[in-house]
Amino acid sequence: DYRAELYAALSPLRIALAESGRIDSAIAVSRRMVEGNGALLRDDPRNAILRRNLAVSYRALGRDLGSAGRAADAVEAQRRSVALTDSLVATDPASGGHRADRVFALTLLGDAELAAGDARAALASYRRAAPLGEAILRADPDSGSPLDRLVLARAGLGDALAAAGDG
């Protein structure tokens, strides 16, 4: 379906807009990605690729909303991404890609929660992400991307502990 490719092609535009400081335009593109990928998934609800595309779109929207200072909206978008990645892992627990996506989604949720001033919630998200990343690395020590995500989760965990007064 060409529509899935169209929504994927919007991602570089969204990134360019965000990096150039046109955050409202980036949010509009992110919303279009969410709407489009959501419609495709409603038409084919068992399609794991479409579900992942929607999770990635929510992650992008959450990052853009966070950049715009809309912390509560960013948290909600990241929660939706986590829910989608959780469902992907539930349907295919052996997929390293889905498990790595879950680590990243949880890390971004923690980042959004921390930015929203909810250090305890961020701590919970990072504490969920870190052992999942460690498990991926134990299973595949040469895997680079999960290592990057684990580092992010561990850094976020430290930030959340400090913000919560536990670090």
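Helices, of at least four residues, and strands, of at least two, are taken here as DSSP runs and numbered from the N terminus. On that basis, the protein before us has seven helices and zero strands. Please keep in mind throughout that this is a predicted model. Read along the sequence, the pattern is α-α-α-α-α-α-α. The protein has 167 residues, of which 44% are buried. Among contacts between residues at least 6 apart in sequence, 57% join residues at least 24 apart.

Let me turn to the interior. The largest nonpolar core contains 31 residues, and those that touch the most other members are L54, Y58, L61, L65 and L84. At least two residues of this core come from each of helix 1 (2–19), helix 2 (23–43), helix 3 (48–67), helix 4 (71–91), helix 5 (96–115) and helix 6 (119–139). Helix 2 provides the largest share, with eight residues.

Which residues does L54 touch, leaving aside those up to four places away in sequence? They are V34, N37, G38, L41 and L84. A second residue to consider is S57, which lies in helix 3. With a relative accessible area of 1%, S57 falls under the 20% limit and is therefore buried. Outside its sequence neighbours up to four places away, S57 touches M33, V34 and N37. N37 thus appears among the contacts of L54 and also among those of S57.

I now come to the packing of helix 1 and helix 2. In general, two packed helices are described by the angle between their axes and the distance between the axes. For helix 1 and helix 2, the angle is about 160° and the axes are 9 Å apart. Because angles over 145 degrees count as roughly antiparallel, helix 1 is roughly antiparallel to helix 2. The crossing of these two helices is left-handed. On the helix 1 side, the residues that meet helix 2 include R3, Y7, L10, R14 and L17. On the helix 2 side, those that meet helix 1 include I23, V29, M33, N37 and L40.

The next topic is charge pairing. Side chains of opposite charge can pair when their charged atoms come close. How many salt bridges does a search of the whole structure find? The search finds eight.

I shall describe three of them. In one, D64 pairs with R14, and the closest N and O atoms are 2.6 Å apart. This pair links distant parts of the chain, since D64 is in helix 3 and R14 is in helix 1, 50 residues apart. Both D64 and R14 are buried. R14 is also one of the helix 1 residues that meet helix 2.

Another salt bridge joins R70 and D73, with the closest N and O atoms 3.1 Å apart. Are these two residues buried or partly exposed? R70 has a relative accessible area of 34%, and it is therefore partly exposed. D73, at 36% relative accessibility, is likewise partly exposed.

In the remaining example, R102 forms a salt bridge with D86, the closest N and O atoms being 2.8 Å apart. This pair too links distant parts of the chain, with R102 in helix 5 and D86 in helix 4, 16 residues apart. R102 has a relative accessible area of 17%, so this arginine is buried. Salt bridges that share partners join D86, R102 and R128 into one network.

How values were computed:
Residues numbered from 1 in each chain as written. Predicted model: local features only at pLDDT ≥ 70, side-chain atom pairs only at ≥ 80, totals over all residues. Heavy atoms only, no water. Core = buried A, V, L, I, M, F, W, Y, C linked by side-chain atoms within 4.5 Å. Buried < 20%, exposed > 50% of the residue type's maximum accessible area, 1.4 Å probe, protein only. Contact = heavy atoms within 4.5 Å. Salt bridge = Lys/Arg side-chain N within 4 Å of Asp/Glu carboxyl O. Axes fitted to C-alpha atoms, helices over the stretch in contact; angles between N-to-C directions. Parallel < 35°, antiparallel > 145°, perpendicular 65-115°, else oblique. Left-handed = near helix turned anticlockwise from the far one by under 90°.
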